[in-house]
Amino acid sequence: MRNRRLRHRNVVVFGVTAAISARLFLDGHLASARTSGREVHLVVGESGAEKFAASQGAQPHVVNMRREPHVWADLVALIQLLALLSTIKPSTVVFGTPKMGLLGILASRFAGVPNRVYVLHGLRSEGARGPLAAVLYLLELLTHCNATQVITVSHSLRRQALQRKLAPPQKVVTVGAGSANGIDIARFTPPQAHERSRARNKFNIPQGAKVIAYVGRLNADKGLGMMVQTYAQLRSSDTDAWLLLVGAVEATTDAERSAVAVLDSFPQVVRLPHIEDVLSVYHCADLLWLFTKREGLPTVVLEAAATGIPTIATIATGTTDAVSHGHTGILVEQDEVSVAAHMTRRLLHDQQLNTQLGEAARLRVVRHFNRDLVTAQWSRHLYEANALSSMAAQSQN
C-alpha cells in the first residue's frame, strides 16, 4: 500500500480544452513536473497538442469535447475522462479553461483523485446578463465546489471569485504575483532599430508613424465600441496615428458588426485575423490598447511590457494586476473615451514619458512575471503543498 501511494504521488495530469491553450498556459509546467521526477500526462479536448506534449516529456491524451454546452457530448467526454483518470491513477490533477475545468474536476472527484486543482483564468459569468449569467455562475460554482484548490491567475480575479462566493477563502489562492506560466523574457525583448524597421515594413506602416496595437478578439467584451470611439476622437486631431489590430472578429450583434465596419473604413487601420509572430506586432508599436470589460490576467499586456511597450487599459478584473497605473501604463474608467484619447495622444508624442513607462513595464515583468520564476513558484506550490495535504488526508483515513 505504501508503494502504491508513493507511485500515485508521482503522477500528475494537466488538462485544457484547446490545443492552443496548452501551448499558451502550460509551456514550462509540464517539463518542470517531468524534470522533478513525476510521470506527466496532458489531456486536451482536441488534437493538435501531441508534439508539444512530447517536447515537454508528457504523455498526450485527446478527449474530444465541444466548447459550447452540449449535454450528450459533455456526458461522453466526462465518461472518457473518468476512464482515463481511473487508469492513470494520479495524485494530482491541474485542469484549466472552462469546459475542461468543469469536466476534468468532476471526473477527478468521481475517480477519487486526492488533489484536484482548478486553474481559474477568468469568470465568464462576470460580463453576462440574465439567464446565461445564472447558468455560467452555477457551472463555475460546481467546478469550485469539487476542486480541492482553486488557483487564480491574478489577485483581482481571486477577489472577484470570493465576492461571488464561489469558494471559501482558504481554497482560493494566487501563486506569486499571478500568471499562468509567465513570459519568456528572452524572446520578448525591446526591439533594436532594424527589428522595428522590419516590423513596420511587414505591416506596410510608415517608419515615422505613431502606432497603437491591439491583440485579441474583436467583440463587445473586449471594448470594441470604446476602441472605435477613442480612435475616431484621436484621429480628429492626430492624423498620424495608426492602429494595428490582430485578432478574430467575434461580432454577434449589429452594433459589433457596425463597429468593425467603422474601423475598416479608416485608411490607417491595419487589421489581421491572426498572426503567428506576435512579437513583430509589439516591435512595430509605440503603445498597446486594451479597453476590456473583464480578464483573468491579460498576457498581451505582459508580453508588450516585456518588449518595453506601455499599455492604456480600462480598469477591470485582471488589468489592475497587469498595469501599474502611472508606472507601467495608464488605467482609465470604462467608457472614458476622452481620457483614453487624451492619454494616448500624450504617450504617442511624449517620447520621454513613453520610454519611462516602457522601461518600468519591462523591469516589472522581469522581476515578477518571468517564466522561470513563475514556473518555479507553481512547482513549489503544486508539489510541495499538495504532497503535504495529500499525506495529511491519507493519515486521517
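Does Lys89 count as buried, exposed or partly exposed, and at what relative accessibility? In this predicted model, Lys89 counts as partly exposed because its relative accessibility of 38% falls between the limits of 20% for buried and 50% for exposed residues. Lys89 lies in the loop between helix H5 and strand S4 (92-96), and although Lys89 is not a glycine, its phi is positive, at about 55°. A positive phi, near 65°, is also found at Asp335, again a residue other than glycine. Asp335 is placed in the loop that runs between strand S13 (329-332) and helix H15 (337-349), and with a relative accessible area of 58% this residue is exposed.

Helix H5 (residues 71-88) packs against helix H6 (residues 98-111) at an angle of about 50°, the two axes being 9 Å apart. That angle makes H5 oblique to H6, and the crossing of the two helices is right-handed. On the side of H5 the contact includes Asp74, Leu78, Leu81 and Leu85, while among the residues met in H6 are Lys99, Met100, Leu103 and Phe110. By class, this contact is made up of 11 nonpolar, three polar and two charged residues.

In soluble globular proteins, nonpolar side chains tend to be buried together. Here the largest nonpolar core comprises 123 residues, and those with the most contacts inside it are Phe14, Leu42, Met227, Leu243, Trp289 and Ile312. When neighbours within four places in sequence are left aside, the residues in contact with Trp289 include Met227, Leu243 and Ile312, together with Ile212, Tyr214, Tyr231 and Thr344.

Key: Residues are numbered from 1 along each chain as its sequence is written. This is a predicted model: local features need pLDDT of at least 70, side-chain atom pairs count only at pLDDT 80 or more; totals for chains, interfaces and linings use all residues. Side-chain values use heavy atoms; hydrogens and water are left out. Axes are lines fitted to C-alpha atoms, for helices over the stretch in contact, and angles run from 0 to 180 degrees between N-to-C directions. Helices (H or I, at least four residues) and strands (E, at least two) are DSSP runs, numbered from the N terminus. Angles under 35 degrees count as roughly parallel, over 145 as roughly antiparallel, 65 to 115 as roughly perpendicular and the rest as oblique. A crossing is left-handed if the near helix is turned anticlockwise from the far one by less than a right angle, and right-handed if clockwise. Contact means heavy atoms within 4.5 Å. Ala, Val, Leu, Ile, Met, Phe, Trp, Tyr, Cys and Pro count as nonpolar, Asp, Glu, Lys and Arg as charged, and the others, Gly among them, as polar. A nonpolar core is a set of buried Ala, Val, Leu, Ile, Met, Phe, Trp, Tyr and Cys residues joined through side-chain atoms within 4.5 Å. Buried means under 20% relative accessible area, exposed over 50%, partly exposed in between (1.4 Å probe, protein chains only).
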